[in-house]
Amino acid sequence: MTSEFTVDSARTLAEAHKWLDANFKAEGFTRYKCRHGKSASLPMNALLHVWLTELAGYFAKCDTKEVSTNMAEGMKRTAKGLCYRETAWSWLVHDVFCPMTHRAKVDYTSSASWAKGEKSDFLNWLQVFAAQHGCILESKGEFSELKKAQHQ
């Protein structure tokens, strides 16, 4: 069985360790390759958070260094909501249910769970939205490379 995963947080490190441990216990043998180092391109999830910070700073009329975590989170939730109302992309929302309280609600999905195409669609939407409000978001890294490839 072949599996590939990226470890870029404590959570994904724990998931990778759990998978490797389970595989080793089941098979008694495991072999894996690791590739270390910085990616040559800025991953789209990182670009999304850079853009949301830039947009929050733009609307707050402050430097991006002054944008708090709460401001960036608020900008992200607002952008997801506006995008969903405009596009009705089903992958932007999901149902959340608490079995203890029996309360249910619709909430926004995590951008980390989006497929590459979905993230690309949202970045395109966000770039247009920002431009309509006078804020220019520069394409960088993987997203920029994807856009260039689409236009070739």
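**View 1. A search for disulfides across this predicted model finds 0 of them.** For orientation, a disulfide is a covalent bond between the sulfur atoms of two cysteines. Two cysteines are worth a look here. C83 has 0% relative accessibility, so C83 counts as buried. C98 is partly exposed, because its relative accessible area is 28%.

**View 2. The largest nonpolar core brings together 23 residues.** Start with L48, L55, F122, W125 and L126, the members that touch the most other members of this core. Now look for the elements behind them: α2 (44–60), α3 (69–87) and α4 (116–132) each give two or more residues to the core. Which element gives the largest share? That is α2, with 7 residues.

**View 3. L48 and the residues it touches, leaving out those up to four places away in sequence.** With L48 in the middle of your screen, try to find its partners: S111, W114, F122, L123 and L126. Two of these partners, F122 and L126, are also among the core residues that touch the most other members.

**View 4. Helix α4 has 17 residues.** From its first C-alpha to its last, α4 reaches 24 Å, close to the 24 Å expected at 1.5 Å a residue. Which residues of α4 are buried? They are K119, S120, F122, L123, W125, L126, Q127, F129 and A130.

**View 5. G134 sits just after α4.** Follow the chain past the end of the helix, and you will meet this glycine with a positive phi of about 90 degrees.

Technical notes. Residues are numbered from 1 along each chain as its sequence is written. This is a predicted model: local features need pLDDT of at least 70, side-chain atom pairs count only at pLDDT 80 or more; totals for chains, interfaces and linings use all residues. Side-chain values use heavy atoms; hydrogens and water are left out. A nonpolar core is a set of buried Ala, Val, Leu, Ile, Met, Phe, Trp, Tyr and Cys residues joined through side-chain atoms within 4.5 Å. Buried means under 20% relative accessible area, exposed over 50%, partly exposed in between (1.4 Å probe, protein chains only). Helices (H or I, at least four residues) and strands (E, at least two) are DSSP runs, numbered from the N terminus. Contact means heavy atoms within 4.5 Å. The expected span of a helix is 1.5 Å times one less than its number of residues. A disulfide is a pair of cysteine sulfur atoms within 2.5 Å.
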